[in-house]
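Colleague: I'm new to this one, so could you take me on a close look at a single part? Pick a spot you like and build the picture outward from there.

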Amino acid sequence: MLKASRRLLAFALIFGALFAVAGPAGTPVAAPDAAAAIVGNCTPVSNWGTPRQDLVQAVLNLVNQNRAANGLGPLKLSPTLTNAALWKSRHMAYYQYMQHDDPAPPVARTWYDRVLTCGYSPNAGAGENIAYGYQSPDAVMTAWMNSPGHRANILNGSYRVIGIGVAAAANGLLYWTQDFGTLDDSGSTTTPPPTTPPPPTTSSATTPATFTSIFTGTAVGGSAASLAAADGNTYQVASSGGTTSWYGRMDGVSRSLKTLTVRYTGSNTAACNQTVYAYNWTAAAWTVIDSRSVGSTGATLTASLSGTLLNYVNGSGSVAVAVVCSGAATAFTARADLLQASYTY
């Protein structure tokens with residue numbers, strides 16, 4: 001969950017049926033079955049938050065204005081994603097919470113289970129933005145566009161449709177949901193205008209890690225922001241059972257990329273066997289890109305990935321890299337100083 005200037009917002013991304021979840025240290029991250037089971041229903045209870053669907057068109061207009069300004073075609077309204085978004089906003093407004101997955105009552109399920117239950121195709125990519133407390137379409141869209149993760153959803157060139165739900169809580173606070181999809185189920189025959197041609201192949205960019213998650217160990221210092229530069233400001237994970245394992249995610253990577261390079265700088269308070277992986281979203285598996293012993297003197301890795309590079313970039317432009325270290329003679333702390341992805345497109 002991300003924190004904006006005045007209110008809480010959150011975003012989640014999924015592409016096809018590949019959704020990264022934490023697995024045991026050093027093993028592939030699992031992915032759910034593409035044919036996910038229907039969980040619960042898509043019918044809000046009558047006394048949940050009061051629908052404010054009179055605000056939907058204004059939100060849609062602002063979404064498409066921002067997409068047009070960035071050379072992207074407009075999104076159409078999807079009836080299935082609209083049902084999923086409105087269910088979510090009314091549920092949050094009544095139970096006064098903020099998270100993507102749906103807690104019981106009436107049933108605990110993931111946000112993606114909800115999207116499928118409301119009728120959206122399991123063979124399509126999907127994403128979600130949520131927010132609360134903003135009292136106008138302009139205010140919530142400004143907050144979303146100022147947040148990198150939410151902005152990435154809104155400006156994702158793969159998306160074709162959107163569902164928008166707005167509901168008011170008993171205290172008047174508004175709860176907002178946007179659900180995005182790559183498959184057009186709007187029923188409209190209108191063809192969106194062509195997108196802007198891809199940038200020249202000579203362009204290049206670098207994006208630092210913006211999110212981290214620990215598989216094994218305990219965070220004892222720093223944050224994802226510590227990985228932006230090799231400046232001694234480190235992200236620190238204390239070992240558990242002689243192992244540390246965690247991953248970082250770099251967002252906003254172009255899917256028109258021609259080359260992809262991962263750079264990692266880190267050290268450990270005791271020497272351990274360090275293995276660095278890149279996540280293959282297509283195969284739903286971690287791929288080893290470097291393995292060596294690393295101690296207190298540290299090491300810098302620069303690895304150029306090969307093969308089909310789009311396998312390492314999901315539909316929302318994210319690259320994931322995991323660092324696993326084990327086999328130390330004593331308890332230790334892993335200290336990561338830099339993690340970034342560089343690419344040309």
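Modeller: Let's start at Ala 284, which counts as buried because its relative accessibility is 17%, under the 20% cut-off for that label. Keep in mind as we go that this is a predicted model. Ala 284 sits in the loop between β14 and β15, the latter covering residues 285–294. Its backbone has a quirk: phi is near 55°, a positive value in a residue that isn't glycine. Most residues other than glycine have a negative phi, and most peptide bonds are trans.

Step along into β15 (285–294) and you come to a salt bridge between Arg 292 and Asp 290, with the closest N and O atoms 2.9 Å apart. The two partners differ in cover: Asp 290 is buried at 14% relative accessible area, while Arg 292 is partly exposed at 32%.

Now go the other way, to β14 (272–280), and you meet the largest nonpolar core, since β14 is among the strands that each supply at least two of its residues. That core has 28 residues, and Trp 246, Leu 260, Tyr 264, Ile 289, Leu 305 and Leu 339 touch the most other members. In soluble globular proteins, nonpolar side chains tend to be buried together. Other strands supplying at least two residues include β12 (243–250), β13 (259–268) and β17 (319–326). The biggest giver is β18, with four residues.

Leu 260 is a good place to pause. Leaving out residues up to four places away in sequence, Leu 260 touches Ala 303, Ser 304, Leu 305, Leu 309, Tyr 312, Val 319, Ala 341, Ser 342 and Tyr 343. There is also a second, separate core of 25 residues, and Val 63, Ala 131, Ile 162 and Trp 176 are included in it.

Back on β18, which runs over residues 333–344, look at Gln 340. Gln 340 is buried, with a relative accessible area of 14%. Beyond its neighbours within four places in sequence, its contacts include Thr 206, Pro 208, Ala 228, Met 250 and Arg 263.

For a contrast with the loop where we began, try the one between α2 (79–95) and α3 (111–117), where Pro 105 is found. Gln 96 is in that loop too, and its phi is also positive, near 55°. Gln 96 is partly exposed, at 41% relative accessible area. Pro 106 lies in this loop as well. The peptide bond from Ala 104 to Pro 105 is cis, with omega near 0°, and another cis bond joins Pro 105 and Pro 106, with omega about 5°.

On the far side of that loop, α3 holds Arg 114, and strand β5 (residues 126–132) holds Glu 128. Their side chains meet in a salt bridge, 3.0 Å from N to O. The pair therefore ties together parts that are 14 residues apart in sequence. Both partners are buried, with Glu 128 at 0% relative accessible area and Arg 114 at 0%.

Stepping back to the whole protein chain, there are five helices and 18 strands. Buried residues make up 53% of its 345 residues.

Note on methods
Residues are numbered from 1 along each chain as its sequence is written. This is a predicted model: local features need pLDDT of at least 70, side-chain atom pairs count only at pLDDT 80 or more; totals for chains, interfaces and linings use all residues. Side-chain values use heavy atoms; hydrogens and water are left out. Buried means under 20% relative accessible area, exposed over 50%, partly exposed in between (1.4 Å probe, protein chains only). Contact means heavy atoms within 4.5 Å. A nonpolar core is a set of buried Ala, Val, Leu, Ile, Met, Phe, Trp, Tyr and Cys residues joined through side-chain atoms within 4.5 Å. A salt bridge is a side-chain nitrogen of Lys or Arg within 4 Å of a carboxyl oxygen of Asp or Glu.
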